[in-house]
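User: Could you walk me through how to read a protein model like this one, feature by feature? I'd like the general idea of each feature and then the case at hand.

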Amino acid sequence: MSDGTRVLKTVAVPLAIALVFLFFIPKTCSKVIGSKKLRAPVAAASTAAATSLHIASESPDAPPSRPVTYPAGLDAQRVQYLIEINERFADPFGYRMPKPGAVIALVETAPADALVKAGWFEEAPAGGYTPTREAALHLPHMAEVTQTWRVPLGTRKFVGISSLEDKGDGRAHIAFTWQWEPNEAGRAIKSTFEMHQGTAEFAGGGEHPWDLNSVSVDSDWK
């Protein structure tokens, strides 16, 4: 082999390696980098879409919130407290069970049947009902009157203030919502209850503290 051929072979190998690094590897790297750049906006778009869906999760049927502006010296906590301790609002719902030998008759027997089935009362042989030991232990506000047992079934639960109208003369009219909260005996008769509407009038302002004048609520067990 001649010296020229030997030199040519010696130079050809490094030259081929250099060509690989100069042409093929940069192209491969650019393809990889380009594919990553193309995929990045897709991921960002997916993240943005997911975020948008999360933020817009509020129900379209939900009523708009209406902030209540209170006159000086009156706030939501005082309104709720004075309504809850009001005698009319705090009056529990009761059902009258005829005592044995009573001459009155029930107009609707379904509640009485439910109380018997739940173990709060027993039917007397001669008619009427007698409370069980469980009723005596767990219904402390049950009252015995002339011909009936007055059985407490539940009390009103304050839910929230709907609106307030400041009359400007030391009076404020307030609309609020409430719901029956049954006790153990009440749950034996009814398990779900509707929302009720009530109104209240407050008086005060200036040097005089706000106080409750009147409360209006219905007595429907629903």
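Analyst: Gladly! Let's start with the nonpolar core, which is a set of buried Ala, Val, Leu, Ile, Met, Phe, Trp, Tyr and Cys residues joined through side-chain atoms within 4.5 Å. Please keep in mind throughout that this is a predicted model.

User: Which residues touch the most other members of the largest nonpolar core?

Analyst: They are Ile83, Met97, Phe121, Val151, Phe176 and Phe202, in a core of 35 residues. Two or more core residues come from each of α2 (76–84), β1, α4 (110–117), β5, β6, β7 (196–205) and β8 (208–216).

User: Let me take Phe202 as a case. Which residues is Phe202 in contact with, leaving aside its neighbours within four places in sequence?

Analyst: Its partners include Leu74, Val79, Leu82 and Ile83, along with Ala172, Ile174, Trp210 and Leu212. Ala172 also stands opposite Phe202, which lies in β7.

User: How should I read the overall layout? How many helices and strands are there in the protein chain?

Analyst: The chain has six helices and eight strands. Along the sequence they follow the pattern α-α-α-β-α-β-β-α-β-β-β-α-β-β. Of the 222 residues, 26% are buried. Among contacts with a separation of 6 or more, 58% link residues 24 or more positions apart. The accessible surface is about 15,000 Å², and carbon and sulfur atoms account for 59% of that.

User: Now the strands. What should I keep in mind about side chains, and which strands join to β5 by bridges?

Analyst: The general idea is that in a regular strand the side chains alternate between the two faces of the sheet. As for the pairing here, β5 covers residues 148–166 and has these antiparallel partners:
- Strand β1 (residues 93–98) is joined to β5 by six bridges, with Tyr95 opposite Val151.
- Strand β4 (residues 143–144) pairs with β5 over two bridges, and Glu144 has Trp149 as its bridge partner.
- Strand β6 (residues 171–182) is joined to β5 by eleven bridges; Thr155 is partnered with Glu181, and Ser163 stands opposite Ala175.

User: What about the hairpins: how many residues join β4 to β5, and which residue takes a positive phi in the hairpin of β5 and β6?

Analyst: Three residues link β4 to β5. The hairpin of β5 and β6 has four residues between the strands, and there Gly168 takes a positive phi near 80 degrees. Going on from β6, eight bridges join that strand to β7, again in the antiparallel sense.

User: Let me zoom in on one residue of β5. Is Thr148 buried or exposed?

Analyst: A residue counts as buried when its relative accessible area is under 20%. Thr148 has 5%, so Thr148 is buried. Its side chain also makes a polar contact of 3.5 Å with the side chain of Arg96. Beyond four places in sequence, Thr148 is in contact with Arg96, Met97, Pro98, Lys99, Ile104 and Ala143.

User: Ile104 is on that list. Where is the place of Ile104, and how far apart are Ile104 and Thr148?

Analyst: Ile104 belongs to the loop between β1 and α4. Ile104 and Thr148 are 44 residues apart in sequence, and 8.7 Å apart in space from C-alpha to C-alpha. Ile104 has a relative accessible area of 40%, so Ile104 is partly exposed, a class that sits between the 20% and 50% cut-offs. Outside its sequence neighbours within four places, Ile104 is in contact with Pro98, Gln147 and Thr148.

User: And a loop example with a polar contact: what does the side chain of Asn86 reach?

Analyst: The side chain of Asn86 reaches the backbone nitrogen of Arg88 at 2.9 Å. Asn86 is in the loop between α2 and α3 (87–90), and, beyond four places in sequence, Asn86 is in contact with Leu212 and Val215.

User: Last one: which elements have the lowest and the highest mean pLDDT?

Analyst: The general caution is that where pLDDT is low, the predicted coordinates should not be read in detail. Here helix α1 (residues 3–55) has the lowest mean, 46, and β6 the highest, 97. Over residues 32–65 pLDDT stays under 50, and the model has zero contacts beyond four places in sequence for them. For the whole chain the mean pLDDT is 78, with 70% of residues at 70 or more.

How values were computed
Residues are numbered from 1 along each chain as its sequence is written. Side-chain values use heavy atoms; hydrogens and water are left out. Buried means under 20% relative accessible area, exposed over 50%, partly exposed in between (1.4 Å probe, protein chains only). A polar contact is a pair of N or O atoms within 3.5 Å; within protein, one must be able to donate a hydrogen and the other to accept it, and residues adjacent in sequence count only if both atoms are side-chain atoms. Contact means heavy atoms within 4.5 Å. Two strands pair if DSSP finds at least two bridges between them. pLDDT is the predictor's confidence in each residue, from 0 to 100. Accessible areas come from the Shrake-Rupley method with a 1.4 Å probe; for residues, only the protein chains shown count as cover.
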